[in-house]
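This report looks at selected features of one protein chain, moving from single residues to cores, helix packing and the backbone. Please keep the sequence and the structure in view while reading.

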Amino acid sequence: MTDFEADADYEECVVTFFDILGFRHLLNTRSGAEISDILQNFRRLSETEEIVPAQRVDEVRLQSEAKTEIISDAIVRVRTTETQYPSGPLIWEIIDLLHIRIDCLNRGILIRGASTVGFMHLGMNLDGPIFGPGLVQAYEMEENEVIFPRIVIHEDVIERHRTDSTLWREGHSFAEEERHIQSLLKSDEAGMFFIDYLRASLSEFDDGFVDWVRFLNSHKDLIEKGLSEAGSSKVRRKYNWMKRYHNQVLAEYLEHCDDETFNDDFEKPTREIFNELLID
């Protein structure tokens, strides 16, 4: 049996496998340029500093790097974790995934994904070929466990992050890391962690609350359109999950919303804004 840890050609990475839902419909309704632009979004990188290439395959990288492979609607993102500088690869990758999720939703695209930490072969300078048990685990999880349109984080990743400081950002305590993770992820009734994109997106928009409300409105429109056009119970279940999640997030804000607060940007009370965003 292969000892991946001892094999210098493998390194541990955060691995995410995606599936674009309804890709055949996308091919028939969007131009090639539009689809190409959508797929390029999956190559988003958090870290923009110049990367110094490794001189040997088994050399620890200076900082985390991300690589994306795309074959039609099957997409894999890999982010390195074995680095000299502890830049917090897990949280940065989750933030990247959050932005990918937001961008796809704004384009009316539903995606499903699964993330894990596992050994991968990437090549000396991320020139491939890309393969490894981490990809197999992420693919099998996405295929067999991720039913609804969301990005799920394997429970082993959460446990690993709890005990492995190499996944933390330099100078951070676990308490700081845990607070950040909790602001990005949500656990469902089955204990499955997924990127909490509606709540977490509030802090990611340039114009804060205004852009967030617009995003919630687009999310509502997408769900209502999907439910009205759903041609099968399988598709309807996906949109019903999104509807429940959408309304749960709004219900929480309504619970703590001050009846007297007036929002100047929308020229109406904040409670009224949230009530209008609920889906019947």
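A residue is called buried here when its relative accessible area is under 20%, and exposed when that value is over 50%. The model is a predicted one, and the values below are computed from it.

**Two buried residues with polar contacts**

S64 is placed in the loop that runs between helix 2 (32–40) and strand 2 (66–71). Because its relative accessibility is 2%, S64 counts as buried. Its side chain nevertheless has polar partners: one is the side chain of R79, with which S64 makes a polar contact of 3.4 Å, and another is the backbone oxygen of T80, which lies 2.8 Å from a polar atom of the S64 side chain.

E142, which belongs to helix 4, has a relative accessibility of 1% and therefore also counts as buried. The side chains of E142 and R112 are joined by a polar contact of 2.7 Å. When neighbours within four places in sequence are left aside, the residues in contact with E142 are F17, D19, R112, G113 and A114.

**The nonpolar cores**

In soluble globular proteins, nonpolar side chains tend to be buried together. In this model the largest nonpolar core has 63 residues, and the members that touch the most others are I20, I111, I195, Y197 and M242. Helix 3 (residues 89–106) supplies the largest share of this core, namely 10 residues. Apart from this core lies another, made of 11 residues, which include F17, V76, V78 and M120.

Which residues does Y197 touch, if those up to four places away in sequence are not counted? They are L98, R101, L105, F215, H219, W241, M242 and Y245.

**Packing of helix 8 and helix 10**

Helix 8 (residues 208–229) packs with helix 10 (residues 270–277) at an angle of about 25°, and their axes are 10 Å apart. Angles under 35 degrees count as roughly parallel, and the two helices, helix 8 and helix 10, are therefore described as roughly parallel to each other. On the side of helix 8 the contact is made by F209, W212, V213, L216, N217 and K220, while helix 10 contributes T270, I273, F274, E276 and L277. Sorted by class, this contact of helix 8 with helix 10 has 7 nonpolar, 2 polar and 2 charged residues.

**Backbone features in loops**

Most residues other than glycine have a negative phi, and most peptide bonds are trans. Against that background, the following places may be worth viewing in the structure.

| Residue or bond | Backbone angle |
|---|---|
| L126 | positive phi of about 60° |
| E267 | positive phi of about 55° |
| G128 and P129 (cis peptide bond) | omega of about -5° |

L126 is found in the loop between strand 4 and helix 4, and P129 lies in the loop between strand 4 (111–120) and helix 4 (133–144). The cis peptide bond joins P129 to G128.

E267 is located in the loop between strand 8 (262–263) and strand 9 (268–269). Neither L126 nor E267 is a glycine.

Are these two residues with a positive phi buried or exposed? L126 has a relative accessibility of 10% and so counts as buried, whereas E267, with a relative accessible area of 65%, is exposed.

Technical notes:
Residues numbered from 1 in each chain as written. Predicted model: local features only at pLDDT ≥ 70, side-chain atom pairs only at ≥ 80, totals over all residues. Heavy atoms only, no water. Helix = DSSP H or I, 4+ residues; strand = E, 2+ residues; numbered from the N terminus. Buried < 20%, exposed > 50% of the residue type's maximum accessible area, 1.4 Å probe, protein only. Polar contact = N/O pair within 3.5 Å; in protein donor to acceptor, adjacent residues only side chain to side chain. Core = buried A, V, L, I, M, F, W, Y, C linked by side-chain atoms within 4.5 Å. Contact = heavy atoms within 4.5 Å. Axes fitted to C-alpha atoms, helices over the stretch in contact; angles between N-to-C directions. Parallel < 35°, antiparallel > 145°, perpendicular 65-115°, else oblique. Nonpolar A, V, L, I, M, F, W, Y, C, P; charged D, E, K, R; others polar.
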